[in-house]
Structure formats: structure tokens, C-alpha cells
Amino acid sequence: MEGRQAVRELLLAGRRRTRTVMIAKGLDPAPIVEHIVELAREQRAAVREVSRSELDATARTEAPQGVVARADPLPDVEVAELAAAPRQGAVDRDGRPAGAPFLLALDGITDPGNFGAVLRTAECAGVTGVVLPRHRSARITPTVAKAAAGAVEHLRFAVVPGIPSALCTLSSHDVWTVGLDAAGPRPLHDLDLAGEAVALVLGSEGRGLSRLVAQRCDVLASIPLRGTLGSLNVAAAAAVACFEIARRRWP
């Protein structure tokens, strides 16, 4: 994990063990860096002050902001677990009764910046789980985690052999699958999503949803556009769609 916000969220979430936090020598004083050090010591992670050259040699991103952490891998879950209804008495982050699952299925996003931005949006909109393909897709790398500003620490992930079969599993668990497609016959804002368990399905940059994935979705929906261009960047489309669903579910 690299970058101040990403490392702080790693420590705040406490979902996986943080082994080492490296801080570059000579950093200007900053509350977030002090907080990272405090959290690391509370969790008994080793805190090492290293030269900038050593930290940069360790980092995988171009701008780690003087902070790098080593931690255990993110845990994976099964698709069926993501689709499960909340347990009795479960609450959301605001202390309200937890609603039906709100999932995101990504059909082959390959650009790390887009992938990270989509995950950040998903977490902020209240997505409860993300389904990712094992192949032909960006992985959760330090670059993606940094772009996501630590959102990966608060999302659950199911990595699957293929999105089409995962959509079948979701349907068998009464999750309504909504494919976002520029040519979709129904505007997204016309769908009744208030109480449904729903999975929003996003396609890759350029080609959008694959043919088989589109066929497996319960409905294809579009974002009405008023300009000259025919489509949105996938990260922008994810932001519009996720918050439209969130608006319907949590007024």
C-alpha cells in the first residue's frame, strides 16, 4: 500500500495485518503522517524511517507521498456470500438497519486509474461488494489502491473465473443484475431500485459490456446523454450510476 490516504485507511480498517510502515526521512510535519504512525504503533506494526531513495526504490507508484506499508493480502469471498441478505440486526456505517446487497460487477476494466476511481466511487456510494474477473482485468495493485484512496480496505471482493457465470449465481440468489450500456433501452433513472438486492454491471473501456455478459443481465439500462459525445468514461459512468442507485435506496 502506498500513499498517505491509502495507508491510513489500511490501518483504520484493520481488516488485514499490517507488517511494516515505512516513512521517508525529512517529511514536512503533517497530521495525517502523525496519525499513520500512531495507528501503526497501536497495531504493533513496525515503523521504519528510511531515506527517500530507499522508499522510492521500494514503491511501485510514482508518487508514494513518503509513505509505504507492507500488509497481508486482501481476503477474497465467494459470490454467494456477497449476495447473502444481511444478518438479523446488522447495521450500515451510519447505524441504520442494513439494506439488501448493493453490488458492483466489473466486466474487464483494464486501466488502473479508472479501476481505482470506480472503487473509490463504489465505496462512497455504499456498495457492499465487488465482483471481479480473474483474467483480462486490472488487478488490485498499489497503483489501484492509491487511486482508490484506501477504498479497497472497506469493500469485499469476489474474484471469479468469468462474469457471465457470476451473474447466474447472483440471479439464483435473487439479486437483480443491471447492465449499464449506452444503447440500453431503459434509462437508469426509470428503474425501481428502492428495495431490491441489485448488482450494477459495468463494461470495459472502449467495448463496454461483452455480448455474453449483456445477455446474462436482467435488464440493460443507459444514462441519458444530452451532448454531442456518445458515451462517458467508465469511471464517470460508474459515479453517475452508483449514486443514482444509492439515491433510490437511501433517500
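Okay, strand 7 and strand 9, residues 198–203: these two pair in the parallel sense, over four bridges. Keep in mind as I go that this is a predicted model. If you want one pair to look for on screen, take Thr177, whose bridge partner in strand 9 is Ala199. Strand 7 also pairs with strand 10, again running parallel, this time through three bridges. There, Leu180 has Ala221 of strand 10 as its bridge partner.

So how enclosed is strand 7 by the rest of the structure? Largely enclosed, because four of its five residues are buried. Now step off its end. The loop between strand 7, which is 176–180, and strand 8, which is 186–187, holds Ala183. Ala183 has a relative accessible area of 66%, and the cut-off for exposed is over 50%, so Ala183 counts as exposed. For a sense of scale, pick Gly66: from Ala183 that's 117 residues in sequence, and 45 Å in space, C-alpha to C-alpha.

Right, the inside. Nonpolar side chains in soluble globular proteins tend to be buried together. Here, the largest nonpolar core has 64 residues, and the ones touching the most other members are Leu104, Leu106, Leu119, Val130 and Leu202. Which helix gives the most to this core? That's helix 9, residues 234–249, with eight residues. There's also a second, separate core of 21 residues, and Val79, Leu209, Val213 and Cys217 are among them.

Let me zoom in on Val130. If you ignore neighbours within four places in sequence, Val130 contacts Leu82, Leu104, Leu106, Leu119, Leu155, Arg156, Phe157 and Ala158.

Over to helix 1, residues 4–13. Its buried residues are Ala6, Val7, Glu9, Leu10 and Leu11, and yes, there's a glutamate in that list. What do they pack against? Two strands and two helices, namely strand 1 (18–24), strand 3 (67–71), helix 2 (31–42) and helix 6 (142–147). After helix 1 comes Gly14, with a positive phi, near 60°.

Last stop, the surface. Leu225, Leu232 and Val240 make up a nonpolar patch there, and together they have about 220 Å² of accessible area. Leu225 sits in the loop that runs between strand 10, 219–222, and helix 9. Its relative accessibility is 33%, so Leu225 counts as partly exposed. And that loop takes us back to strand 10, the one joined to strand 7 by three bridges.

Key
Residues numbered from 1 in each chain as written. Predicted model: local features only at pLDDT ≥ 70, side-chain atom pairs only at ≥ 80, totals over all residues. Heavy atoms only, no water. Buried < 20%, exposed > 50% of the residue type's maximum accessible area, 1.4 Å probe, protein only. Contact = heavy atoms within 4.5 Å. Core = buried A, V, L, I, M, F, W, Y, C linked by side-chain atoms within 4.5 Å. Patch = residues over 30% accessible without salt bridge, like charges linked within 9 Å, V, L, I, M, F, W, Y side chains within 5 Å. Areas by Shrake-Rupley, 256 points an atom, 1.4 Å probe, with all protein chains shown as cover. Salt bridge = Lys/Arg side-chain N within 4 Å of Asp/Glu carboxyl O. Pairing = 2+ DSSP bridges.
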